Structure formats: structure tokens, C-alpha cells
Amino acid sequence: MNCSLNFELSCKLLIPAAGSGRRMGSDRNKLLLPLLDKTILQWTLESVIASSSISWIGVIAQPNDFPAFEQIFSSLKSPITLIKGGETRQESVFNGLKALPESSQSVLIHDGARCLATPSLFNRCAEALKIYSGLIAAIQVKDTIKIVKDGNVESTPDRNYLWAAQTPQGFSVKELKQAHLQAQALNWSVTDDAALFEKIGLPVQIVMGEETNLKITTPQDLAIAEFILRQRIKK
């Protein structure tokens with residue numbers, strides 16, 4: 001067990017939101033697309049705000065989206081800090097880390113497009129950060145996975161060892177900053193922050209995620225998210 005020197009009662013949270021809507025076939029940031037009566041980003045923020053464990057929220061975005069994002073923030077009862085994003089997700093997260101309050105010891109990082117994550121998931125991850133310096137929300141893979149090269153199946157890994165990574169992911173701020181600095185120096189490019197922890201030999205703990213915590217990437221995902229939200233509203 002890797003114990004974190006984290007004595008904060010609540011966590012800081014960064015939301016990378018500097019992407020585009022290319023795979024959605026959209027001409028704008030997909031987080032500004034409507035989902036029922038709100039934008040995708042508003043659904044995400046409302047869930048974060050409903051969590052009892054988050055004391056500070058930073059949204060990392062491109063300046064051209066600042067006015068639209070600020071309009072969303074104005075309807076919410078919580079202060080939110082806007083942070084200028086970089087050219088890649090990795091650069092954007094590093095910008096976010098540098099913008100955290102100076103006293104920050106731990107941080108959760110959550111994709112803005114995962115708007116179905118529940119407040120209880122944020123709370124579980126924040127609670128785990130009192131023990132672990134690196135963690136990810138994840139769920140076990142149900143499908144049989146094939147390793148394929150040039151259209152041919154090369155192997156079938158044991159799915160008992162396969163987990164699908166989600167967000168939030170949580171880290172010691174000091175160690176994650178060090179990992180990003182090393183990535184810059186060695187020109188590493190990764191798709192999530194847990195991969196940086198893995199590259200420098202730091203352990204990453206699994207926190208049980210949620211089956212419904214999908215990342216909205218395509219129009220089909222948007223339709224599924226709408227169905228899930230309607231079911232929740234009925235309850």
C-alpha cells in the first residue's frame with residue numbers, strides 16, 4: 001500500500017475541457033452540445049458540485065470557449081476557475097496543475113465529457129486519496145479482448161486482468177507535477193495521467209468505477225447518455 005501524505009479534508013478537481021467536437025461531427029466544443037435541457041459540461045459540473053468532497057474546481061479550456069463556459073458557470077452556485085488549455089490534453093492538465101491553489105496536496109482529474117459520473121464516485125475517489133497517492137476509477141472488462149496486428153488476431157489476454165480506465169483519476173499533486181516535468185524532459189506522450197505515474201514507477205490503485213460512467217465521444221454516446229439521464233430523472 002502506498003500511503004499519501006494527504007491530510008486535506010477535501011480535494012481539488014480539474015476538468016480538462018479544451019478539446020473539439022470533431023468525432024461528434026460538431027463545429028464546436030462537444031461539451032457545449034445540449035443534453036436534454038443542459039449542456040454536457042453543466043451536467044458534469046452539477047455532479048461535481050453535489051459531491052461533498054470537492055472544495056475547488058478548475059476547468060481547463062481554450063480561450064475561445066471562455067465566454068460560453070462562463071455563461072454556464074453563472075447558473076451554478078459554486079465558484080469555478082477557468083484555466084487556459086494547451087495543445088494536447090497532457091499540456092492542458094499540466095497547466096491545470098500549475099493553476100491549483102498553492103496549498104493543494106491532492107487533486108482529482110475528471111474528463112468533462114464523462115457527464116454521468118455520480119457524486120458518490122467523486123466521494124469514493126477523494127476518500128481513497130487519503131490513502132493512495134495515485135488512483136483511477138475503472139471497471140472490469142466484460143468482453144473478450146483480442147490483440148490484433150494487420151487484421152490478424154495475435155493473442156487473447158485473460159480478461160480477469162483487464163480493466164477499462166475511467167475518470168476521475170486522483171494523485172498527489174507533488175508527484176504528478178514531477179511526473180509531468182519528467183514527461184516534458186523525455187518527450188513522453190500519454191493519454192492519461194495514470195500512465196505517467198506508471199512510467200516513473202509509481203503505483204496506481206483501482207477504485208471501482210460505474211458502468212454508466214461513459215465518455216461522450218460520438219452521437220451514439222449522446223443518445224445513450226440521454227436515455228440514462230431520463231431513467232435517473234424518473235427515479
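Contact here means heavy atoms within 4.5 Å. With that in hand, let's work through some exercises on this predicted model.

**Exercise 1.** Find where K12 sits, decide whether K12 is buried or exposed, and list what K12 is in contact with beyond its neighbours within four places in sequence.

*Solution.* Start with the strand: K12 belongs to β1, residues 11-16. Next, take its relative accessible area, which is 9%. Buried means under 20%, so K12 counts as buried. Finally, leaving aside neighbours within four places in sequence, the contacts of K12 are S55, W56, L100, P101, S104, S106, V107 and L108.

**Exercise 2.** Work out how the buried and exposed residues of α2 are arranged around the helix.

*Solution.* First pick out the buried residues of α2: F69, I72 and F73. These cover an arc of only 100° around the axis, so they lie on the same side of α2. Now turn to the face pointing away from that buried side, where the exposed residues P67 and Q71 are found. Last, look at the cover over the buried residues, which includes β3 (38-39), α1 (40-50), β4 (54-61) and β5.

**Exercise 3.** Follow the chain on from α2 and place S78.

*Solution.* S78 is in the loop between α2 (66-73) and β5 (81-84). Outside its neighbours within four places in sequence, S78 touches I49 and I57. For I57, 21 residues away along the chain, the C-alpha separation from S78 is 8.6 Å.

**Exercise 4.** Describe the surface patch that includes I206.

*Solution.* I206 lies in β11, residues 205-208, and is partly exposed at 32% relative accessible area. Together with W163 and M208, I206 makes a nonpolar surface patch of about 260 Å².

Terms used
Residues numbered from 1 in each chain as written. Predicted model: local features only at pLDDT ≥ 70, side-chain atom pairs only at ≥ 80, totals over all residues. Heavy atoms only, no water. Helix = DSSP H or I, 4+ residues; strand = E, 2+ residues; numbered from the N terminus. Patch = residues over 30% accessible without salt bridge, like charges linked within 9 Å, V, L, I, M, F, W, Y side chains within 5 Å. Areas by Shrake-Rupley, 256 points an atom, 1.4 Å probe, with all protein chains shown as cover. Salt bridge = Lys/Arg side-chain N within 4 Å of Asp/Glu carboxyl O. Buried < 20%, exposed > 50% of the residue type's maximum accessible area, 1.4 Å probe, protein only. Arc of directions from axis to C-beta.
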